[in-house]
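Please look at the model below and follow how its chains meet, beginning with one pair of residues and widening the view from there.

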Amino acid sequence: MIGKELIGKESESVVIKFIPELVRRFTEATGIPYSDQVPPTYVVTLALGGIPGIELPLPGMIHGEQKMTYLRPLYVGESLTSKRRIMDVYERTSKLGRVTFVVIKTSGYDLTGDLVFTSSSTLIAPERRVGE
Amino acid sequence: MKSLLNYQVSDRLPVRIWAPDHVQVRQYAEASGDFNPIHLDDDYARQAGLGGVIVHGMLTMAQMAAMLTDWIGKEGGLSKFNVRFEQMVRPGDTIKCSGSVLARAENTLVCDLEAHNHKQERVLSGLAHILIQR
């Protein structure tokens, strides 16, 4: 159940590692050229610290928007920490019916504590069906 | 190939044509860890009201990233990269990623991004800031 009460909930900090072999697999799956730099969208797939009270994404959720800001290049081989926070929850009527939007911000820090990237994901949960 | 420094407002970026299929979607699920059944299970996706499996939005965004990194090469880096997923992309579609220079400051190119499917529907719109290294 997703509601306004989730706004402000935060995950614990998780360590994310850019392991060369896994980055290479990601570049092969996407067609992004492999280099010493982490592919621009790769961090979004790793920064998945659990947020208490909610499991995201819920099955059936679709991705509406994705925004990334990079404060410096990220290199294969390095480790970061990241944290997720629910910024907003709201309902709208869309072509899929009554849907719930969840906006999650992810912040990534390097080992000296400097912010190195932020990500904002807008996820869309379909209408709850009878019986759910 | 012309240098990033020579790009001016309204210049078009080199395009990328992409034809996603079920094999790539499965490969992406494994590489990204996103096993949401709407991408992998046709019956599930139909029941969810999506009319069949859809390609991961992040895989479509990655095609835009591939277009940008191929273009930028070693001459710079992304500082901002925003996209909106406007239409679902499905295995079997042919997607054309394109972009143009919207604004140019000293060391930064601001680019407008778009992707269209073979039916000429816009599936993604976005914006990127590229920092040019001198």
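A good place to enter this predicted model is the pair formed by A:M68 and B:F81, where A:M68 stands opposite B:F81 in β2(B). The two strands to which this view belongs, β2(A) and strand β2 (residues 76-85) of chain B, run antiparallel and are joined by five bridges.

From that seam the view can be widened to the sheet, which is open, has 10 strands with antiparallel pairing, and follows the order β1(A)-β3(A)-β4(A)-β5(A)-β2(A)-β2(B)-β5(B)-β4(B)-β3(B)-β1(B). At its edges stand β1 (14-17) of chain A and β1 (16-18) of chain B, and because each has a single partner strand, one side of each is left without a neighbour in the sheet. On average, and with direction ignored, neighbouring strands of this sheet are turned by 25° against each other. Within the part that chain B contributes, strand β4 (residues 108-116) and strand β5 (residues 122-132) run antiparallel and are joined by nine bridges; B:D112, for its part, has B:L127 in β5(B) as its bridge partner.

The chains also meet through helices. α1(A) and helix α1 (residues 22-32) of chain B pack with their axes 9 Å apart and at an angle of about 160°. Since angles over 145 degrees count as roughly antiparallel, that angle makes α1(A) roughly antiparallel to α1(B). The crossing of α1(A) and α1(B) is left-handed. In this helix pair, A:R25, A:F26, A:A29 and A:T30 in α1(A) meet B:Q24, B:Q27, B:Y28, B:A31 and B:S32 in α1(B), and the residues of this contact divide into four nonpolar, four polar and one charged.

How many residues does each chain bring to the contact as a whole? Chain A gives 27 residues and chain B gives 31 residues. On the side of chain A that touches chain B, the elements that give two or more residues are α1 (20-30), α2 (42-46) and β2 (62-70) of chain A, and of these β2(A) gives the most, with nine residues. Sorted by class, this side of chain A has 15 nonpolar, nine polar and three charged residues. The strand that carries the seam to β2(B) through five bridges is thus also the element that gives the most residues to the side of chain A that touches chain B.

Terms used: Residues numbered from 1 in each chain as written. Chains lettered and ligands numbered in written order. Predicted model: local features only at pLDDT ≥ 70, side-chain atom pairs only at ≥ 80, totals over all residues. Contact = placed C-beta atoms within 7 Å. Helix = DSSP H or I, 4+ residues; strand = E, 2+ residues; numbered from the N terminus. Nonpolar A, V, L, I, M, F, W, Y, C, P; charged D, E, K, R; others polar. Pairing = 2+ DSSP bridges. Axes fitted to C-alpha atoms, helices over the stretch in contact; angles between N-to-C directions. Parallel < 35°, antiparallel > 145°, perpendicular 65-115°, else oblique. Left-handed = near helix turned anticlockwise from the far one by under 90°.
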